[in-house]
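Colleague: I should like to learn how strand pairing and burial are read from a model. May we work through an example together?

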Amino acid sequence: MAAILEKKYLSSNVVEMVLEAPHIAATRRAGQFVVLMTDEKGERIPLTIVDSDTRKGTVTIIYQVVGKTTTCLADMNPGDRLYSLLGPLGRPTEIKNFGTAVCVGGGVGIGVVYPIARALKETGNRVISIIGARTRDILILEEAMSKTSDRLVVATDDGSYGVKGFVSQVLQDLIDSGEEINHVFAVGPVPMMRVICEVTRPHEIETVVSLNPIMVDATGMCGACRVSVGNATKLACVDGPEFDGHQVDFDLLTNRLRMYYREEKESMEDFRCRCDGK
Amino acid sequence: MENNKKREKVPRQIMPEQDPAARGTNFDEVPLGYTEEQALAEASRCLHCKKPLCVSGCPVEVDIPGFIKLVSEREYASAARRIKETNNLPAVCGRVCPQESQCEELCVLGKKGEPVAIGRLERFVADYEQSTGDVSIPAIPTSTGKRIAVVGAGPAGLTLAGDLVKLGHGVTVFEGLHKPGGVLIYGIPEFRLPKDIVEAEVEYLVRLGAEIRTDMVIGRGKTVDDLFAEGYDAVFLGVGAGAPVFMDIPGENLSGIYSANEYLTRSNLMKAYRFPEFDTPVARGKRVAVLGGGNVSMDSVRTALRLGAKQATIVYRRTEAEMPARREEVHHAIEEGVQFQFLTNPVEYIGNERGWVRGMKCIRMELGEPDDSGRRRPIPIKDSEFIIEVDMVVVAIGTTANPVIPATTPGLETNRWGYITAQEETGETSRTGVFAGGDIVTGSATVILAMGAAKKAARAIDEYVRGLG
């Protein structure tokens, strides 16, 4: 089973891990993800592949510690082995020379938008990136995004760093300033992606979002991750995870993400009790 | 003649079962298996026909009179070995095969009375072998140097792997999930097929020499062509009909509405029935409707009962007579308190303010003329809509082909439903060296039919790779 090779905290609750996965590294492309389990009793969770190294045979993941599985994962260390690691899954991002492409990343979503920005840059796009976080301490990947972008704008909700406000406002200002934008990629919390789509819709700027619904097998078998795009049901795991943001039913996505809210809390509490008991 | 008469007097032995009241709350296996005395009594009923019709009803050609004779002689381990000469998964088949429409349907005793309980005897000897740990490994011939890649570790893939390893070929099975077994692991619940039984059967194949690599989805990342490039001489596709089918009616994406694949995968593979000991949750509906009348529907509805449903209802658009589920499964469901709404079809779901399903608008149906399947076609009765209150729904109306392998394998022909086109007697596809069998060829069928197709493909692959020189 895949070994954890490196572990680094990017902020107080966002972790980057490098995993040993030669066959995933060999074919993985921007936009694809892995599914992992920490242990035999664990849940299968999807995580975007942020980076890979074919020579070393490794893939990099970034995740926010939010629930039981990510807490367990963050407790693991280099040398530990995952119970299961599957990938690459999902359709790769459609990368071509759009002209000027804007990459918007919010919170841990910056980790998802980073490989897309890099692939766009390598394909000759002019890349403008807008990344944001609630506050300075939890902003991640600024340097990496800076390297891969022609222009980088940072925003924080509380104004502790960069522009004060939401990434959507930065994008709105950019459009208002007369910047010609040919394509937008937006990855982050659902409300952020929804607002970004509303910003670009009147200007008819193609906007691709990467969706993160609950998944189980993530190979097209179960239908847990169904989303509605242009009134058609799609499976995010095999038809996505990226879709035309102007067609996505974000209300449905929000509801379905809440489906196990109670159980997720219960699982976390049960876990805390067991940890405290140790 | 007199001897035969005496034998026929022994009645078909009834297999003991868990009490319906008790089992409604646990996931332990429902049928408990024969005792030795019962097995001996049942075995004594076999007439040992010179031309045994039962064998012709078995897709994997088990020597039925032969193993039953060994049971009568109390040579249970030998009986298990006799079955395993042609069937690599006897403990599974003894439980989930529809014997009543295969071997037992053709049993001569069945003409006047009850057929020999072949499946129960198969289960008895397979369990005997597993419980004693006296699992012998047949001699494997010298390596042929040929390598076969098997895609999918379900009933077809495992059967084929066993047969080819026993012929001296090198076999690697690639499985997408983190555990091998396919539908035996993710689909069929513990109360019908305990997972340690499946694990023991898989372990047997590994001991025979098959290599199983989990977490490998062929078609994403590594493709069928990559497998040939890596030096495999032939590829067998036994990936099943894994994609869920929904009805495409309004409200179907509301929370609380599952495909049977998801519901059963959560409960069986991920062990959500033991949440929070296991991390994966599953909704525990109080008023549950399960759509469809097949075995998967029965598995789903009986799972829902065990997970605390106060009301668990099968909603089926035809009548009881048309239900494809095994009688035994329907019988178990009724015993456990499952209700049935026949001639009923949902047309729309109604959600609450949180987007969770709270009602299912249905329409009454009547049966018209027979359709392509030979069953009478259900027709909606005008203005007969009514609402069933539900807080969870499982859509178990079938599955279809997952398109990932055909989409990434140039030259691999499929039919108009996306199933792979393969020769019935050999499993040969339109691509040289690529064989296929099981649900990905036939559409959703049974474990044993997939195994039967795999046996034929194994013979054809053996011949093909030997011909490569």
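**Reading a strand and a buried residue**

Modeller: We may begin with a single pair: B:Ala149 has B:Val235, in strand 4 of chain B, as its bridge partner. Please bear in mind that the model is predicted.

Colleague: How many bridges join strand 1 of chain B to strand 4 of chain B, and do the two run parallel or antiparallel?

Modeller: Four bridges join them, and the strands run parallel. Strand 4 covers residues 234–237 of chain B.

Colleague: Which residue of strand 2 of chain B is the bridge partner of B:Val151?

Modeller: The partner is B:Phe174. Strand 2 of chain B, residues 170–174, runs parallel to strand 1 of chain B, and five bridges join the two.

Colleague: What unit do strand 1, helix 10 and strand 2 of chain B make?

Modeller: Together they form a right-handed β-α-β unit, in which helix 10 spans residues 155–166.

Colleague: How should one think of side chains along a strand, and how many residues of strand 1 of chain B are buried?

Modeller: In general, side chains in a regular strand alternate between the two faces of the sheet. In strand 1 of chain B, residues 147–151, four of the five residues are buried.

Colleague: Why does B:Pro90 count as buried?

Modeller: B:Pro90 counts as buried because its relative accessibility is 2%, and the cut-off is under 20%. This residue lies in helix 7 of chain B, residues 90–96.

Colleague: Which residues beyond its sequence neighbours within four places are in contact with B:Pro90?

Modeller: They are B:Ile83, B:Lys84, B:Glu122, B:Ala126 and B:Glu201. B:Ala126 is 36 residues from B:Pro90 in sequence, while their C-alpha atoms are 5.8 Å apart.

Definitions and conventions. Residues are numbered from 1 along each chain as its sequence is written. Chains are lettered from A and ligands numbered from 1 in the order in which they are written. This is a predicted model: local features need pLDDT of at least 70, side-chain atom pairs count only at pLDDT 80 or more; totals for chains, interfaces and linings use all residues. Side-chain values use heavy atoms; hydrogens and water are left out. Buried means under 20% relative accessible area, exposed over 50%, partly exposed in between (1.4 Å probe, protein chains only). Two strands pair if DSSP finds at least two bridges between them. A crossover is right-handed if, with the strands pointing away from the viewer, the path from the first strand over the helix to the second runs clockwise. Contact means heavy atoms within 4.5 Å.
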